Structure formats: structure tokens, C-alpha cells
Amino acid sequence: MKRKLSISLLALLLLAGGGYFSFQAIKIEVKAKLSQVLLEYTWNKSLKENKSYKPWPSFDGIPILKLKIPRYNISQIVLEGTSGQALAFGPAFHQETYLPSSKKITAISSHRDSHGEYIKNLEIGDILKLQDLDNNWHTYKIEEFLIVNVQEEININKKSRLLLITCYPFDALLSGTPLRYIVSAINIDNLNS
């Protein structure tokens, strides 16, 4: 009887431990997907009321843009600033760059294993769209891909450009490499008029 109880207890502990470690393995992905639902609601409220809102009180950022990639059925809310919290919940706007209406460089970063997972599949000619808080859409077409070392000087001085940035290589076992993969897309709004 004691032996059966010990085996049952051990099986229960192993099951609980396995469940815990399984949850830890998918926690970031689950958090990223669920947060986009709250962010989408906040984005729509911000557009409707023409005022920025936080998705929840303790959050350290606000939704600032909406990114759409029609070919891949991707729609993501982009958060202001590249803090660790912002990047954990969605793609993040680099505040040292410009909003799309300025017709300068707009840079957005994502984690390669959550919100930016699709970046490795993008191709030259793919269309990217950004919606701003004024409800204006800005359309970009991918022109090139770059791999840069952030420990070296990076000089991209082209105007009217969207940069999507993620860590590289995509299949690295450890995070924190100095390499970044950059998708460079030109604004085609004026080309279409």
C-alpha cells in the first residue's frame, strides 16, 4: 500500500513538474498572443477617441502604430519605446526614429521567436502597411535585407523608409548576439498617386 502511494505521489510530482516546465517554455508566446488582443482593443479605443490609452494601468507604454502585412495575414499593434516590457508584449517603435507621417526612417523591433517570427519569411516586393493614431495608412514595399552588427556604426540614411528589425541568426540557441536582421522597405504612398 505504501509503495503504491509512493509511486502515485512520484507520478503526480513528475506530472506537475512537467506541466510547470511546459508552461515556462510557452509562457512568452502565450503572453505575446494574449496581449495583442488587449492591445487591439486599446488601439481601436485610441482611434475612436483620438487619444492614446494604456492597455492596462501598470504597462509602461502605449500603442503607437498598427502593422499589417496582407500577404501573411499579420496584424500587430506596435508599442512606443523598446523597453523590455514593450518588446515582451509586441513589436516596439524606436523612439530615436520618426513616425511614418514625417517621411523619414521609422524603425520597429520584434523578438525573432515571438512577434517577429514571420520576418525571416518576408520577400523582396512584399507590402507592409502602418496605421498611425491619426487613422492614416502608410504603405511600404520591401527593397532589401541587411545583416548588421550593432557593435559597429550603422548608417542607413535613406528617407521615407520602414525598418523591421530582429535578432539574428534566427536559429541561434542563445539570445543577445550583436547581429540584427533588418528588413528595409520604401514608402510607396507618393509613387501610387
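Is Arg-161 buried or exposed, and what is its relative accessible area? In this predicted model, Arg-161 is buried, with a relative accessible area of 3%, and the first legend below takes up its charged partner.

**View 1. A salt bridge between Glu-143 and Arg-161.** The closest N and O atoms of Glu-143 and Arg-161 are 2.9 Å apart, and the two residues form a salt bridge. Glu-143 belongs to strand β6 (residues 137–149) and Arg-161 to strand β7 (residues 161–167), so the pair ties together parts that are 18 residues apart in sequence. Whereas Arg-161 is buried, Glu-143 is partly exposed, its relative accessible area being 39%.

**View 2. A salt bridge between Lys-66 and Glu-40.** The structure holds five salt bridges, and one of them joins the side chains of Lys-66 and Glu-40 at 2.7 Å, N to O. Because Lys-66 lies in strand β1 (residues 63–69) and Glu-40 in helix α1 (residues 2–49), this pair ties together parts that are 26 residues apart in sequence. Lys-66 is buried at a relative accessible area of 9%, while Glu-40, at 22% relative accessibility, counts as partly exposed.

**View 3. Lys-103, its salt bridge and its backbone.** The side chains of Lys-103 and Asp-189 meet in a salt bridge of 3.8 Å, N to O. This pair links distant parts of the chain, 86 residues apart, with Lys-103 in the loop between β3 (92–93) and β4 (105–109) and Asp-189 in the segment after β8 (179–187). Lys-103 is partly exposed, with a relative accessible area of 28%, and its phi is near 60°, a positive value in a residue other than glycine.

**View 4. Asp-132, a buried acid without a salt bridge.** Asp-132, found in strand β5 (residues 127–132), is buried yet has no salt bridge, and the nearest side chain of opposite charge, that of Lys-103, is 8.4 Å away. Since a salt bridge requires the nitrogen and the carboxyl oxygen to be within 4 Å, that separation does not qualify. The side chain of Asp-132 does make a polar contact with the side chain of His-138, at 2.9 Å, and a polar atom of the Asp-132 side chain lies 2.9 Å from the backbone nitrogen of Asn-136. Not counting residues up to four places away in sequence, Asp-132 touches Trp-43, Leu-47, Ile-64, Leu-65, Ser-101 and His-138.

**View 5. The largest nonpolar core, with Tyr-118.** The largest nonpolar core has 20 residues, and those with the most contacts inside it are Tyr-118, Leu-128 and Leu-164. The elements giving two or more residues to this core are β1, β2 (74–80), β5, β6, β7 and β8, and β1 gives the most, with four residues. Leaving aside neighbours within four places in sequence, Tyr-118 is in contact with Leu-67, Ile-69, Ile-74, Gln-76 and Leu-164. A second, separate core of twelve residues includes Leu-47, Leu-79, Ala-88 and Phe-89.

**View 6. Backbone features at Pro-169 and Asn-135.** A cis peptide bond, with omega about 0°, joins Tyr-168 and Pro-169, and Pro-169 lies in the loop between β7 and β8. Asn-135, found in the loop between β5 and β6, has a positive phi of about 70° although it is not a glycine. Asn-135 is partly exposed, with a relative accessible area of 46%.

Note on methods: Residues are numbered from 1 along each chain as its sequence is written. This is a predicted model: local features need pLDDT of at least 70, side-chain atom pairs count only at pLDDT 80 or more; totals for chains, interfaces and linings use all residues. Side-chain values use heavy atoms; hydrogens and water are left out. Buried means under 20% relative accessible area, exposed over 50%, partly exposed in between (1.4 Å probe, protein chains only). Lys and Arg count as positive and Asp and Glu as negative; His and the chain ends are not counted. A polar contact is a pair of N or O atoms within 3.5 Å; within protein, one must be able to donate a hydrogen and the other to accept it, and residues adjacent in sequence count only if both atoms are side-chain atoms. Contact means heavy atoms within 4.5 Å. A nonpolar core is a set of buried Ala, Val, Leu, Ile, Met, Phe, Trp, Tyr and Cys residues joined through side-chain atoms within 4.5 Å.
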